[in-house]
Amino acid sequence: RYDVELETRSALQSLLEAELPDAYWAGSSTRLKQYEAALARSAPVQRTWAGPAFSFPRKLPAVSKALPVTSRNSSILQPFLGAWIQDVQSAQPMFAATVDDIAVAVCCSVRRTGQAHEAGAETAPSYRGRGYAGAAVTAWATAVRALGIVPLYSTSWSNEASRALARKLTLRHFGSDLHIT
């Protein structure tokens, strides 16, 4: 961030430059400790999160099992995905896969720039493994692309279900995310 001291930024830059040839880093504990140590010079490290980042294939399959979620129909997120209602306005586009007019999986834009949106997705536990997340994520990615924006997907290294979804959707692993706060 803009408020990180020059010495800390330089240390992080050196670590980052050492990472560049290794785009598929999977959270090496030695490297992670180096990043944490560099940041701990400025402030205590409270949380660390790491995972793979993916891009979508050029051609996306047609999806008919997901529908857009707006303020008009956000009630479909109840009872399974009600926590997402607060994000309906700010995380557009948002799509849900439904069963009997109730959302069982949702995907929306949780991080956005003018060039790319990153997916946030969830499936109700009793509906996992049935293709609902894939439908919601694919519909979301199609809508993001229609806006002329690049859709991206990322997850944590420990989220095997999310990584399996990325494989099923034939997403391309292009790098790794590392968040240290």
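**Entry 1. Burial and overall build**

I looked up burial first and found that 42% of the 181 residues of the protein chain count as buried. I note here that the model is predicted. For the accessible surface of the protein chain I recorded about 10500 Å², with 53% of that area belonging to carbon and sulfur atoms. I then took the extent along the principal axes, where the C-alpha atoms fill a box of roughly 55 × 35 × 30 Å.

I listed the secondary structure of the protein chain as four helices and seven strands. Read from the N terminus, the order of the elements is α-α-β-β-β-β-β-α-β-α-β. Turning to contacts with a separation of 6 or more, I found that 64% of them in the protein chain are between residues 24 or more positions apart.

**Entry 2. The largest pocket**

I next examined the largest pocket, which holds about 680 Å³ of space. Its lining is made up of 29 residues. Those that lie nearest the centre of the pocket are Ala 121, Tyr 153, Asn 159, Ser 162 and Leu 165.

Which elements each supply at least two residues of the lining? I noted strand 4 (102-112), strand 5 (116-123), helix 3 (132-146), strand 6 (150-154) and helix 4 (160-168). Strand 5 gives the largest share, with six residues. Sorted by class, the lining of the largest pocket contains eleven nonpolar, eleven polar and seven charged residues.

**Entry 3. Helix 4**

Since helix 4 contributes to the pocket lining, I inspected this helix residue by residue. Ser 162, Leu 165 and Ala 166 are buried in helix 4. Viewed down the axis of helix 4, the buried residues fall within an arc of 100 degrees, so they line one face of the helix. Two of these buried residues, Ser 162 and Leu 165, also appear among the residues that lie nearest the centre of the largest pocket.

What do the buried residues of helix 4 pack against? I found strand 1 (48-55), helix 3 and strand 6 as their partners. On the face turned away from the buried side of helix 4, I recorded the exposed residues Ala 161 and Lys 168.

**Entry 4. After helix 4**

I followed the chain onward and reached Thr 170, which lies in the loop between helix 4 and strand 7 (172-180). Thr 170 is not a glycine, yet has a positive phi of about 55 degrees. Is Thr 170 buried or exposed? Thr 170 has a relative accessibility of 54% and counts as exposed, because the cut-off for that class is over 50%.

**Entry 5. A second positive phi**

I also noted Asp 101, which is found in the loop between strand 3 and strand 4. Asp 101 is a residue other than glycine, and its phi is positive, near 65 degrees. I looked up the cover of Asp 101 as well and found a relative accessible area of 64%, so Asp 101 is exposed.

**Entry 6. Cis peptide bonds**

Finally, I checked omega in the loop between strand 2 (66-68) and strand 3 (94-99), where Pro 79 has its place. Gln 78 and Pro 79 are joined by a cis peptide bond, with omega about 5 degrees. Pro 93 is likewise placed in the loop between strand 2 and strand 3. I recorded the peptide bond from Gln 92 to Pro 93 as cis, and its omega is near -5 degrees.

Methods:
Residues are numbered from 1 along each chain as its sequence is written. This is a predicted model: local features need pLDDT of at least 70, side-chain atom pairs count only at pLDDT 80 or more; totals for chains, interfaces and linings use all residues. Side-chain values use heavy atoms; hydrogens and water are left out. On a 1 Å grid over the protein atoms alone, a cavity is a set of points where a 1.4 Å probe fits but cannot get out, and a pocket is an open set with protein on both sides within 12 Å along at least five of seven lines; lining residues have an atom within 4 Å of a point. Grid points are joined across faces, edges and corners, and a volume is the space filled by probe spheres set on the points. Ala, Val, Leu, Ile, Met, Phe, Trp, Tyr, Cys and Pro count as nonpolar, Asp, Glu, Lys and Arg as charged, and the others, Gly among them, as polar. Buried means under 20% relative accessible area, exposed over 50%, partly exposed in between (1.4 Å probe, protein chains only). The arc is that of the directions from the helix axis to the C-beta atoms. Contact means heavy atoms within 4.5 Å. Accessible areas come from the Shrake-Rupley method with a 1.4 Å probe; for residues, only the protein chains shown count as cover.
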